[in-house]
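Morning, everyone. I have one structure to walk through today. Please have the sequence and the 3D view open.

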Amino acid sequence: MAQKKIPMRQCLGCREMFPKRELIRVVRSPEGGITLDFKGKAPGRGAYLCGKPECLKKARKSRAIERALSVPVPEEVYEALERQMEQEGAHGE
């Protein structure tokens, strides 16, 4: 039996490829709102980050999320990403 292909996506911070399921997705909805999508199913344009806080800092400094989604990213989205990464860090250790 052929093995199922795993979709890969690039982290906007470290530029490394990861399986899509391991990444945090930031979505620009068709209406233009920005949300975090943990299931990977929300409609709209997605940008991906791995769970490392340093990658979020790099992506924030270079405005990579804003470029990928073509809209300004509100401060609340960055704060929600930071909280999510802290929670995952606590569970991962």
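I'll start with the overall fold, then go through some residues, and finish with the pocket.

One thing up front: this is a predicted model. Keep that in mind throughout.

Overall fold, then. We have 3 helices and 5 strands in the chain. What is their order along the sequence? It reads β-β-β-β-β-α-α-α. So trace the strands, then the helices, as the pattern β-β-β-β-β-α-α-α says.

Now dimensions. The C-alpha atoms fit a box of roughly 45 × 35 × 20 Å along the principal axes. Does the radius of gyration agree or disagree with a compact globule? For 93 residues, a compact globule would come out near 12 Å. The chain has 13 Å, so the two agree.

Next, surface and interior. Of the 93 residues, 34% count as buried. The exposed area of the chain is about 6,500 Å². Carbon and sulfur atoms supply 52% of that area. On contacts, take those with a separation of 6 or more. Residues 24 or more positions apart make up 45% of them.

Let's go residue by residue. Find Ala47, in strand β5, residues 45-49. Is Ala47 buried or exposed? Its relative accessible area is 4%, which is under the 20% cut-off, so Ala47 is buried. What does Ala47 contact, beyond its neighbours within four places in sequence? The list is Leu12, Ile24, Arg25, Val26, Ala68 and Leu69. Look at Ile24 in that list. Ile24 and Ala47 sit 23 residues apart along the chain, with 8.3 Å between their C-alpha atoms.

From Ala47, go across to Arg67. Arg67 belongs to helix α2. In sequence, Arg67 and Ala47 are 20 residues apart; C-alpha to C-alpha, they are 9.6 Å apart. Ala47 is buried at 4%, whereas Arg67 is exposed at 59%. The cut-off for exposed is over 50%, so Arg67 passes it.

On to helix α3, residues 75-92, where we find Gln84. How accessible is Gln84? Its relative accessibility is 15%, so Gln84 counts as buried. Setting aside residues up to four places away in sequence, Gln84 touches Ile24 and Phe38. Ile24 is also among the contacts of Ala47. As for Phe38, it is 46 residues from Gln84 in sequence. In space, their C-alpha atoms are 9.9 Å apart.

Stay in helix α3 for Val77. Val77 is buried too, with a relative accessible area of 8%. Its contacts, leaving out residues up to four places away in sequence, are Val26, Ile34 and Leu36. Val26 appears in the Ala47 list as well. For a contrast, take Arg15. Val77 and Arg15 are 62 residues apart in sequence, and 20 Å apart C-alpha to C-alpha.

That brings us to backbone angles. Most residues other than glycine have a negative phi. Which way does Arg15 go, positive or negative? Positive: phi of Arg15 is near 65°. Where does Arg15 lie? In the loop between β1, residues 8-10, and β2, residues 17-19.

Arg63 also has a positive phi, near 60°. Arg63 is in the loop between α1, residues 53-61, and α2, residues 64-69. How exposed is Arg63? With a relative accessible area of 49%, Arg63 is partly exposed. The exposed class needs over 50%, so Arg63 at 49% does not enter it.

Last stop, the largest pocket. Its volume is about 240 Å³. How many residues line the largest pocket? There are 13. Nearest the centre are Pro7, Lys20, Arg21, Lys39 and Gly40. What is the mix of classes in the lining? The count is 6 nonpolar, 1 polar and 6 charged residues.

To recap two points. Ala47 in strand β5 and Gln84 in helix α3 both have Ile24 among their contacts. And the two arginines with positive phi, Arg15 and Arg63, are each in a loop. That's it from me.

How values were computed. Residues are numbered from 1 along each chain as its sequence is written. This is a predicted model: local features need pLDDT of at least 70, side-chain atom pairs count only at pLDDT 80 or more; totals for chains, interfaces and linings use all residues. Side-chain values use heavy atoms; hydrogens and water are left out. On a 1 Å grid over the protein atoms alone, a cavity is a set of points where a 1.4 Å probe fits but cannot get out, and a pocket is an open set with protein on both sides within 12 Å along at least five of seven lines; lining residues have an atom within 4 Å of a point. Grid points are joined across faces, edges and corners, and a volume is the space filled by probe spheres set on the points. Ala, Val, Leu, Ile, Met, Phe, Trp, Tyr, Cys and Pro count as nonpolar, Asp, Glu, Lys and Arg as charged, and the others, Gly among them, as polar. Helices (H or I, at least four residues) and strands (E, at least two) are DSSP runs, numbered from the N terminus. The radius of gyration is taken over C-alpha atoms; the globule rule is 2.2 Å times the number of residues to the power 0.38. Buried means under 20% relative accessible area, exposed over 50%, partly exposed in between (1.4 Å probe, protein chains only). Contact means heavy atoms within 4.5 Å. Accessible areas come from the Shrake-Rupley method with a 1.4 Å probe; for residues, only the protein chains shown count as cover.
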